[in-house]
Every structure is written in C-alpha cells, then in structure tokens.
Amino acid sequence: MDERLKGLEAELEAKLSEVKDLVGLDSLRVSFLGKKGSITSMLKGMKDMAAEARKEFGAEVNKLKEAAAQMIEEKTEELKKAQVEAEIKAMPRFDISTPSKCACGSYHPITLVQRQCETIFKTMGFTVEDYSEVVTDYECFESLNIPKHHPARDMQDTYYLENGQLLKSQTSAAQNAILRKYGPGLVKNGTPIRAIFPGRCFRNEATDACHENTFFQMEGVMVDKDISISNLIYFMKTMLSEVFRKDIKVRLRPGFFPFVEPGFELDISCLICGGEGCPSCKHSGWLELCPCGMIHPNVLREGGIDPDEYTGFAFGLGLTRLAMMKYGIKDIRDLNSGSLKALSQFTDDE
C-alpha cells in the first residue's frame with residue numbers, strides 16, 4: 001500500500017481510540033470520508049498518474065475507504081453499547097419487593113361477561129372455539145345461505161378489504177368451520193356438536209346509545225338428532241339465570257335470518273329501566289339480545305351435515321348488550337371509549 005495511505009490508516013486508528021462519543025465520531029468520519037475528507041482527497045491527485053498507476057492507486061484508496069467505513073461502524077456500535085450501559089447504571093435502583101402505590105387494573109366488563117358465559121356453557125358440555133376477525137365472503141355469507149346479491153346482505157353494513165376479504169360482521173361466520181370440524185364425530189360416533197365461539201364483530205353503523213361499529217358476540221351451535229326449539233330455550237334461560245343470578249323475563253318473537261329456519265329474536269326485559277323504556281332499549285322496555293333459531297338445512301348441508309338426519313339450533317348472543325344489562329351501562333359507546341373513569345369501576349367478582 002502507498003505510504004500516504006498507510007499513514008492515513010494509522011492516523012484514523014489512533015484517533016478512533018481517542019473518540020469518546022458519537023458526536024466526535026461523526027466529526028472524525030467527515031474528516032476522513034467526507035467530500036473534503038483526507039481519504040477522499042487522495043483521489044483528486046490521480047489525474048496526473050499514468051493509467052496503470054492510477055488504476056492500482058485507485059483500488060488501494062477504495063480498499064482503504066471500505067476499511068475506514070468498517071472501523072467507524074464498529075466504533076459506532078461500541079459507543080452505542082457503552083451509552084446504553086451508562087444509562088442503565090445511572091438509573092435509580094428500585095426495590096421490586098416494595099408494594100406498588102398504583103391502583104390495580106380491572107378486566108373490561110365485556111371480558112368479565114364473556115368469561116362467565118364460557119364457564120356456564122362449558123358446564124353444559126360446550127367447547128369454546130376461536131376464529132379470525134378477517135374472513136372470506138364465503139364464510140360470512142355464502143356458507144350461511146346468503147348468496148351474492150341476496151337482499152339480506154343489506155342488513156349488515158360490512159367493511160370490505162381491498163383483497164376481497166372482510167371484517168366479520170357476525171360471529172356466524174365461524175359456523176361452517178365448526179360444523180366441518182366436529183361433523184365427522186357426529187356422524188361416526190353420534191357425538192353432538194356443542195360449541196360456542198365469542199368474537200369481535202364490525203359493522204359500518206351510525207352510533208347511538210345502543211349501536212356501535214365494533215361490538216362483541218358469542219355464537220353458539222348444537223347439532224344432534226331430534227334437537228328442537230325447546231332445547232334452544234332451555235340453554236338460553238339457563239345461561240341468563242346464571243349470568244344475572246335471578247330469573248329474567250324474556251320473550252321469543254319471530255325474526256328473519258337466512259341461516260335459521262324458523263328464526264327468532266330473543267329479547268330480555270330492559271334491566272336498566274326496569275322495562276319502562278329508556279334510550280338503551282329505544283324506549284320499548286325490551287332489548288334485543290340474541291337472534292337465534294333452528295339451523296337452516298342449507299347451512300347444515302354446506303357444513304357436511306345431513307339435514308334429513310340431524311337438526312340443530314344456533315344463536316348469536318350479544319355480549320356487549322349483555323354487559324350493559326349486567327352492569328347497568330346506559331350507553332354502549334362507553335365500552336369502547338377507553339375512558340378509565342367509566343371502566344375502572346368494574347372488578348372480577350365472579
């Protein structure tokens with residue numbers, strides 16, 4: 001290597017050993033590798049060299065530039081590490097055994113209600129399933145007896161994604177997957193399909209005291225031979241009596257849902273106003289809690305179940321509205337507000 005280049009390399013190594021911080025290191029980098037830096041300037045004198053010498057000298061300069069850049073990078077990492085270690089040493093020491101003065105957090109009311117419902121249904125032989133929030137059109141609609149362009153789709157203002165998928169507008173989107181998962185056991189061993197699957201749903205709705213664009217449901221299905229509406233009513237009343245720890249006044253009225261036949265709306269007497277009427281129940285005294293019914297034969301067939309041999313019920317329990325009733329929350333928007341004042345009052349007393 002050219003003696004001048006060796007001298008620059010030695011000078012760089014010496015100065016690197018003296019640098020104490022990143023600011024000084026950057027100044028050093030500029031002085032050697034900047035546009036007017038020592039190493040860069042060596043290239044300017046190459047115009048007076050012979051072609052062969054210029055080629056050889058240029059290669060040596062470039063090799064030195066790479067080596068210098070590598071040394072500076074290594075020094076940078078060394079200084080950053082030292083800086084972090086210094087900051088750690090400067091931090092005050094904490095006694096982790098000292099009791100915290102901060103107030104303890106609490107579970108979200110919807111989480112409390114969901115866990116309670118899961119426990120209740122587990123005692124009745126139901127499994128708890130999980131499912132994606134982003135689903136296909138087939139899962140959310142077509143497998144549920146709602147083909148493309150069916151007017152029933154207008155009931156749900158759905159968020160579609162650019163790739164053709166969508167944010168699920170109902171937990172019923174998991175029905176087909178559950179039927180196919182447990183259907184073979186039903187057919188082969190006669191084991192009933194009993195499953196619930198809670199989840200978050202999304203609809204492009206105008207918000208008010210009882211409507212939100214993001215809410216929670218708990219879907220449930222039971223499929224076996226000779227399942228009837230009586231079974232549906234039994235499980236719903238059992239669940240509600242356990243959640244509220246008292247008998248709840250309910251009503252079952254006809255309702256249209258393409259994936260059940262017949263379909264019903266299960267309403268409960270508004271516990272916020274005692275059935276007298278308030279904004280939460282649209283001044284009707286009743287709150288729609290659970291669309292439900294007997295699973296449509298087309299849905300069973302799509303899930304690989306023979307509807308001539310098996311029947312089943314399905315329900316879509318509104319966890320958000322159930323939490324409102326249980327805890328006396330008058331405005332559904334409080335649940336997604338993130339307001340600590342509104343949410344910190346809840347504790348897991350189950």
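# A guided tour of the predicted model

Begin with helix α1, residues 3–18: its 16 residues reach 23 Å from the first C-alpha to the last, close to the 22 Å expected at 1.5 Å a residue. The coordinates are those of a predicted model.

**Stop 1: the two sides of α1**

Select Leu5, Leu8, Leu12 and Leu16, which are buried in α1. Viewed down the helix axis, the buried residues of α1 fall within an arc of 70 degrees, so they line one face of the helix. Turn next to the other side of α1, where Glu3, Ser17 and Glu18 are exposed. To see what covers the buried residues of α1, display α2 (22–33), α3 (38–41) and α4 (51–90), which are among the covering elements.

**Stop 2: aromatic rings**

Display the rings of Phe and Tyr; the structure holds seven aromatic pairs. One of them joins Phe235 and Phe313, with 5.8 Å between the ring centres and 40 degrees between the planes, a tilted arrangement. Which elements does this pair connect? Phe235 belongs to helix α8 (residues 229–244) and Phe313 to strand β9 (residues 311–318), so the pair ties together parts that are 78 residues apart in sequence.

Both partners can be checked for burial. Phe235 has a relative accessible area of 8%, and so is buried. Phe313 is likewise buried, at a relative accessible area of 0%. The cut-off for burial is under 20% relative accessible area. Extend the selection to Phe121, Phe126, Tyr234 and Phe315: together with Phe235 and Phe313, these residues form a cluster linked by ring pairs.

Two charged side chains also deserve a view. Select Arg115 and Tyr107: Arg115 lies over the face of Tyr107, at 4.3 Å from the ring centre. Then move to Lys326, whose charged end sits over the ring of Tyr327, 5.7 Å from its centre.

**Stop 3: the nonpolar cores**

The largest nonpolar core comprises 42 residues. Select Cys117, Phe121, Met239, Phe313, Phe315, Leu317 and Leu322, the residues with the most contacts inside this core. At least two core residues come from each of α5 (109–123), β5 (214–224), α8, β7 (260–269), β8 (286–295), β9 and α10 (319–327). Which element gives the largest share of this core? Helix α8 does, with seven residues.

A second, separate core has 26 residues, including Val135, Ala152, Phe259 and Leu300. In soluble globular proteins, nonpolar side chains tend to be buried together.

Return to the largest core and centre the view on Cys117. Leaving aside residues up to four places away in sequence, Cys117 touches Met218, Met239, Val243, Leu317, Leu319 and Leu322.

**Stop 4: helix α10**

Is α10 mostly covered or mostly open? The helix is mostly covered, with seven of its nine residues buried. To show them, select Leu319, Thr320, Arg321, Leu322, Ala323, Met324 and Met325. Just after α10, pause at Gly328, which takes a positive phi of about 70 degrees.

**Stop 5: Thr214 and its surroundings**

Select Thr214, in strand β5. Apart from residues up to four places away in sequence, Thr214 touches Arg200, Cys201, Phe202 and Asn336. For a view across the model, draw a line from the C-alpha of Thr214 to that of Asp48: these residues are 74 Å apart in space and 166 residues apart in sequence.

**Stop 6: backbone geometry**

Most residues other than glycine have a negative phi, and most peptide bonds are trans. The remaining selections depart from that pattern.

Start with Glu261 and Pro262, between which the peptide bond is cis, with omega near 0 degrees. Pro262 is placed in strand β7.

Next, select Asp226, in the loop between β5 and α8. Phi of Asp226 is positive, near 65 degrees, in a residue other than glycine. Is Asp226 buried or exposed? Its relative accessibility is 72%, so Asp226 counts as exposed.

Finish at His283, in the loop between β7 and β8. His283, another residue other than glycine, has a positive phi near 60 degrees. The relative accessibility of His283 is 58%, so this residue counts as exposed.

Definitions and conventions: Residues numbered from 1 in each chain as written. Predicted model: local features only at pLDDT ≥ 70, side-chain atom pairs only at ≥ 80, totals over all residues. Heavy atoms only, no water. Helix = DSSP H or I, 4+ residues; strand = E, 2+ residues; numbered from the N terminus. Expected span 1.5 Å × (residues − 1). Buried < 20%, exposed > 50% of the residue type's maximum accessible area, 1.4 Å probe, protein only. Arc of directions from axis to C-beta. Contact = heavy atoms within 4.5 Å. Phe/Tyr/Trp six-rings, centres within 6.5 Å; stacked < 30°, edge-to-face > 60°. Lys NZ or Arg CZ within 6 Å of the ring centre and 35° of its normal. Core = buried A, V, L, I, M, F, W, Y, C linked by side-chain atoms within 4.5 Å.
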